[in-house]
Each structure stands twice: as C-alpha cells, then as structure tokens.
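User: Please take a close look at one part of this model: the strands, how they pair and what packs around them. Keep it brisk.

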Amino acid sequence: MRISRRILATAATAAVLLPLSACGSGDDSSSGNASGKVQGDITFQTWNLRANFKSYFEGVISDFEKQYPGTHVKWVDQPAEGYADKLSAQAAGGTLPDVVNVSPDLAAPLAKAGLALDLDKDKAAAKYQAEYLPGAWASSQMPGLSGTYAFPWYLNTGPLFYNKALFKEAGLNPDQPPKTYAELFKDGLEIAKRTDGKVATLANVPTIEDFGRYGVQLMNKQGTAFAFNDAKGIELLSTYKELYDAKALDPQALTATPESSGQKFLTGAVAMNPGSALDLKNFKTQAPSLYKNIGITDQITSTGHVNMYVQNIMVNAQSKQKPAAVAFAHFVTDAKNQMAFAKQVAIFPSTKGSLDDPYFTEEDGTDETRVRVAAAKSLQTAVNYTPVLFSDQMKTALRNEVAKALQGKESPKEALDNAVKACDQLLQQG
C-alpha cells in the first residue's frame, strides 16, 4: 500500500495521526523561556492510542513523574476522526494543549500564528537538537520563518513490493526489478503489452512526493510559491499519461485509495506497490500465493534520497507550564522511549544512533527484518518531500489536475500550471 501519513499513523494505531497534547494557555511569547524547575500539572492527549498502547504510555508517564517529582501528567485519549478540526478549534478557542503531536503541515499554521514554541530560540529546548537526525529536526522548519517548531518523534518509510510471477509471465527477469524511473516506465509498458492491458504496473497517480523523488523542484527557495510545473514535472506527468493510455497505470488510479491500491496488488491486478513491513504480514495471511512470489526492492528515486514520513511533538508557546511541557515532549521523543515504541510497532526512531541498534541492522533471514534493516538504512539520509506548507486542499487540487491530464482534458503543462496556480492561491489565503 502507499505509505501516506494516514497509513504511517495506522502503523501505530487505527488513527490518522498521533497527537499528544496538554491543556494550557498563558503568556503571549512564542519563544518564551522554558527554563526553570520542571513541575506542575500537564495533560497528555493522544489520538486513538489507548486501545493498543495503554501500558506503554502509562509506563512513559510514570517514568516521567518519577524523574520529575512535583509533576503530574493527565492522559486523555481522543477518537481518531476529526483531529485537524479539533486542533483548529483548540487554537481558535485558546485551549490549545501544552504538548501536541502534529505532522509538519499541521504545525505550519500554528507556527505562523505564534502558537508553536520555537525550539531553536528556547535554551531549554535547543540543547536537545544534537540528539536527533538532522533531517528529522529540519522537518519542523517552516519556509518564511526562522526556527524549529516541534521535536521529531517517529519516522517511517518503506520499500517497493513487486509480484515476481507477473514479471516472469511478461517475459521480464523476476530477479531484476526496475531501479530507475526509465526502467520502471519501460517495464510497465512491457507488462501492459504482454498482458493486453489486464495487468497494470502501478495503481496510483503521481503525488507531490512522487514529483519530489523524481527530482522536481517543488517550491521556490523563499517558500512563497510552488514550482512543480517546471520541465521535469511536465516530463513526469507526460510519462504517466503514456502509462495511463497503455493501461500500465491502473484505470481506477484516478480514484484510488491506499486500501484499494493495496487490494489491487493483493489480487494480482497490479505488479508493483509501495508498502512497509506491516504489509508483509497481510500478504502472509490474506494472499499466501502472492507472498510466495513477493519481490522487495528499494524506492525509486532520481535524487538518491528516499521519502520519509515524520510525526513530531509540538510545545504550545502559550503554555503555563513551559518547563514541564518541554521536558515531557523531549522525554517522549528521547532515544530510550522511541526505541521502546519502535519495538511495539513498525516505526523508526528519529534519534541519532538509534538506527545503528542491532534491531535495525541485523537480519534473521525473514522478510520482515530484511525490510526493517533496509528501511532503517535509507532513513539515515531520507527526505520528507512533502512541503510543510502543502495542505490537504492543495493535495486535492493537484490530484484533480493530474486526473484531467491523464484523461486528456488538459495537457500535462496546462494541468500543472493550473495546479500550481491553485496551490499558490491557497498558500496566500493561509
């Protein structure tokens, strides 16, 4: 399945994201001082985590309170649906929690509004920067703003799965999957030709992450306008149009969801699909014949850097208990607690050195460890290609224009020009 932020969070829970929050409002300083004694009451709010990870988080809270006598953490768990709306309502109503788990795109408007603590300016928080992977720390840096606005939490990425049997039936070497975009597109057209269009190679239209992996410049350097309608972006979409016409791209890709794409792969209607170690377990139980023929290869990228998905923990700049909020946000995301969480669910720590642990470097002969080791290695230099300012509305605008191009209603250039125009308008409105 495609590893979207929603799928990423599903790796840890049934939720779309994993928020951590706490009640509190107070001074108006967005870079206020979090130094001082760590004490007081904070509320730790998660999003649909209690059912699966109750004992883990209760343990983290207990350890924190023991380390910092005089603190008390109240844990509140919210249902999965509507988190972004909940967060917006809290921000507007002055009830934004002290500590909030956000994806970078959710942190961006809060940072612009002065509600996210700038960790680089706060001495109590800035001292922890060296503990995290540079790419993870940078994931909460916002174009147009100086500073970093959340602690990195967990990361995820995954390989590209392919069906060896389908490759073999199409006359391709099942042990030599495509390694470059040129090879991917060539193999896709060949599989479609050999199967009379019955087997597609891909099940998803290109997203902003795909443009990033292809080497397209997504935004200008100032972060004030989008730029994915350049020559390389048009080239990628033009190729997808060719794949779509040849049925090398699944005809239902225009309306595909991660679930439907995964189902296409399970049933043998699609030859390749991105995924994670979690998918291997599904293949074993739901499609044993596919599992016997499963091939695993690296993400295809023109940049040399795979895409990573990241979840972060933000501190409310107006919290009444900044020292406790910063201390708790760091505690949840430190190396020890991230490693413990990663061993309960297929995610990866954002802390330096953690990915060098034998758990992420040593294989035991199983496909699960093979995927985990490969993913951990790639994360050392991975990039979050989704611009922090790229909202859900912008994703929809891009998807709609891509669909028009694939259907021949617009040229690839017209579609991307219109998508950039729509996204720029949304950017200005934000």
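Analyst: What follows covers the two sheets, then the helix contacts.

This is a predicted model, where local features need pLDDT of at least 70 and side-chain atom pairs count only at pLDDT 80 or more, while totals for chains, interfaces and linings use all residues. Residues are numbered from 1 along each chain as its sequence is written, and side-chain values use heavy atoms, with hydrogens and water left out.

Start with the open sheet of 3 strands. Its order is β6-β5-β7, and the pairing is antiparallel. Strands here are DSSP runs of E, at least two residues long; helices are runs of H or I, at least four residues long; both are numbered from the N terminus. Two strands pair if DSSP finds at least two bridges between them. β6 (272–274) and β7 (294–297) stand at the edges with a single partner strand each, so one side of each has no neighbour in the sheet. From one strand to the next, the twist averages 25 degrees.

Now β5, residues 160–163. This strand pairs with β7 over 4 bridges, in the antiparallel sense. Phenylalanine 161 stands opposite isoleucine 296 in β7. β5 also pairs with β6, again antiparallel, over 3 bridges. There, leucine 160 stands opposite proline 274. Both faces of β5 are covered: Leu160 and Tyr162 lie on one side, Phe161 and Asn163 on the other, and all are buried. Buried means under 20% relative accessible area, exposed means over 50%, and partly exposed is in between (1.4 Å probe, protein chains only).

Next, the open sheet of 4 strands. The order is β3-β8-β4-β9, with antiparallel pairing. β3 and β9 (348–349) are the edge strands, each pairing on one side only. β3 covers residues 99–102, with Val99 and Asn101 pointing one way and Val100 and Val102 the other; all are buried. β3 and β8 (residues 309–315) run antiparallel, joined by 4 bridges. Valine 102 stands opposite asparagine 312 in β8. At the other edge, β4 (residues 151–156) and β9 pair in the antiparallel sense over 2 bridges. Leucine 155 has phenylalanine 348 in β9 as its bridge partner.

A helix lies on this sheet. Helix α14 (residues 322–332) lies across β3, β4 and β8, and runs at about 160 degrees to β8. Axes are lines fitted to C-alpha atoms, for helices over the stretch in contact; angles run from 0 to 180 degrees between N-to-C directions.

Two helix pairs complete the picture. Helix α12 (residues 277–286) packs with helix α17 (residues 367–379) at an angle of about 160 degrees, with axes 9 Å apart. α12 and α17 are therefore roughly antiparallel. Angles over 145 degrees count as roughly antiparallel, under 35 as roughly parallel, 65 to 115 as roughly perpendicular, and the rest as oblique. Ala277, Leu280, Lys281 and Lys284 in α12 meet Asp367, Glu368 and Val371 in α17; contact means heavy atoms within 4.5 Å. By class, this contact of α12 with α17 has 3 nonpolar, no polar and 4 charged residues. Nonpolar covers Ala, Val, Leu, Ile, Met, Phe, Trp, Tyr, Cys and Pro; charged covers Asp, Glu, Lys and Arg; the others, Gly among them, are polar.

Helices α10 (residues 231–245) and α18 (residues 392–406) cross at roughly 55 degrees, and their axes come within 9 Å. α10 and α18 are therefore oblique to each other. Leu237, Tyr240, Lys241, Tyr244 and Asp245 in α10 meet Val402, Ala405 and Leu406 in α18. By class, the contact of α10 with α18 has 6 nonpolar, no polar and 2 charged residues.
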